Amino acid sequence: MRLLVLLWGCLVLPGYEALKSLKEISGFEGDTVSLKCTYKEKLRDHRKYWCREVGLFISRCAGTIYTGEEGQETTEGRVSIRDNRQELSFTVTLRDLTLKDAGKYWCGVEKLGLDDTSLITLVIFAGSSRPFLHLDSTSAEDASPALSSSSSEPRLSIPLVRILAPVLVLLSLLGAAGLIAFGSHLLRRRKKTQLATETQRNEVCLSHLNHRTSDLGPEEAFEISSPIFRSV
């Protein structure tokens with residue numbers, strides 16, 4: 001077991017990152033996830049490892065797995081690790097995920113004194129697997145994970161809900177706006193039609209009245225056109 005004192009981070013100079021990785025990865029039960037940790041040139045020949053964080057006040061590693069020779073994959077149970085010194089990175093792969101695998105893990109590099117480490121949180125979702133997405137530490141810098149086109153390479157599965165939710169909300173808003181605009185258009189058109197019909201009706205009545213008054217004498221026409229006169 002390797003002891004990892006929580007206070008070690010206070011001793012590291014701000015902005016000093018000799019080892020980088022994603023802060024969180026996720027997957028469904030039964031999935032295979034892969035995480036790439038990158039390191040500085042000075043750590044090329046140092047031994048790398050992956051372990052699970054345990055302990056409350058003082059963190060320590062459990063189930064530590066170390067890298068082997070250059071390019072050689074080391075496997076223990078459902079976990080494997082491989083160091084690629086040409087790319088200055090090592091890759092950790094976890095297979096057949098279970099809900100019990102959820103928790104915090106360390107990817108680290110051994111060196112004299114305190115090791116360089118990076119803490120990763122693994123989130124497991126219940127249910128069947130989903131389409132995979134491969135993520136590595138380089139995508140963490142610009143918060144834009146890169147998609148992997150290789151089906152044989154382990155990739156990270158993320159919930160489709162997280163991807164589709166913003167799209168569905170946007171489509172719903174656009175649909176609602178479209179319905180409101182269409183309803184307003186129909187209402188304006190209906191009012192315009194009613195106004196035209198009423199205007200035409202008034203014109204017909206006025207034309208009919210003018211026609212009747214033209215056939216009568218002046219006094220009769222005045223009686224028809226003047227309700228006050230008729231009431232008197």
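How do β5 and β10 pair, in the parallel or the antiparallel sense, and over how many bridges? The pairing of β5 and β10 is antiparallel and runs over five bridges, where two strands count as paired if DSSP finds at least two bridges between them, and where strands (E, at least two residues) and helices (H or I, at least four) are DSSP runs numbered from the N terminus. This is a predicted model, in which local features need pLDDT of at least 70 and side-chain atom pairs count only at pLDDT 80 or more, whereas totals for chains, interfaces and linings use all residues. Residues are numbered from 1 along each chain as its sequence is written, and side-chain values use heavy atoms, with hydrogens and water left out.

Within the pairing of β5 and β10, Tyr-49 stands opposite Gly-108 of β10. Strand β10 also pairs with β11, in the antiparallel sense and over seven bridges, and there Lys-104 faces Thr-121 of β11. The hairpin that β10 and β11 form has six residues between the strands, and Gly-113 in this hairpin takes a positive phi near 90°. Because five of its seven residues are buried, β10 is largely enclosed by the rest of the structure; buried means under 20% relative accessible area, exposed over 50%, and partly exposed in between (1.4 Å probe, protein chains only).

An open sheet of five strands, with antiparallel pairing, follows the order β2-β4-β9-β8-β7. Its edge strands, β2 (19-20) and β7 (73-76), each pair on one side only. Strand β2 meets β4 (residues 33-39) in the antiparallel sense over two bridges, and the bridge partner of Lys-20 in β4 is Thr-38.

In soluble globular proteins, nonpolar side chains tend to be buried together. Here the largest nonpolar core (buried Ala, Val, Leu, Ile, Met, Phe, Trp, Tyr and Cys residues joined through side-chain atoms within 4.5 Å) has 24 residues, of which Trp-50, Phe-90 and Leu-94 touch the most other members. Two or more residues each come from β4, β8 (79-84), β9 (89-94), β10 (103-109) and β11 (116-125), and the largest share, four residues, comes from β4. Leaving aside residues up to four places away in sequence, the contacts of Leu-94 include Val-33, Trp-50, Val-79 and Leu-122, a contact being heavy atoms within 4.5 Å.

Charged side chains add further links, for a search of the whole structure finds 10 salt bridges, each a side-chain nitrogen of Lys or Arg within 4 Å of a carboxyl oxygen of Asp or Glu. Asp-45 and Arg-85 form one of these, with their closest N and O atoms 3.8 Å apart; the pair joins the loop between β4 and β5 (48-54) to the loop between β8 and β9, across 40 residues. Asp-45 is exposed, with a relative accessible area of 60%, while Arg-85, at 22%, counts as partly exposed. Arg-85 also meets Glu-70 in a salt bridge (3.8 Å, N to O), and Glu-70 lies in the loop between β6 (59-66) and β7, 15 residues apart from Arg-85. Through shared partners, Asp-45, Lys-48, Glu-70, Asp-83 and Arg-85 are joined into one network.

Finally, helix α3 (residues 160-214) holds Leu-171, which is exposed, with a relative accessible area of 52%.
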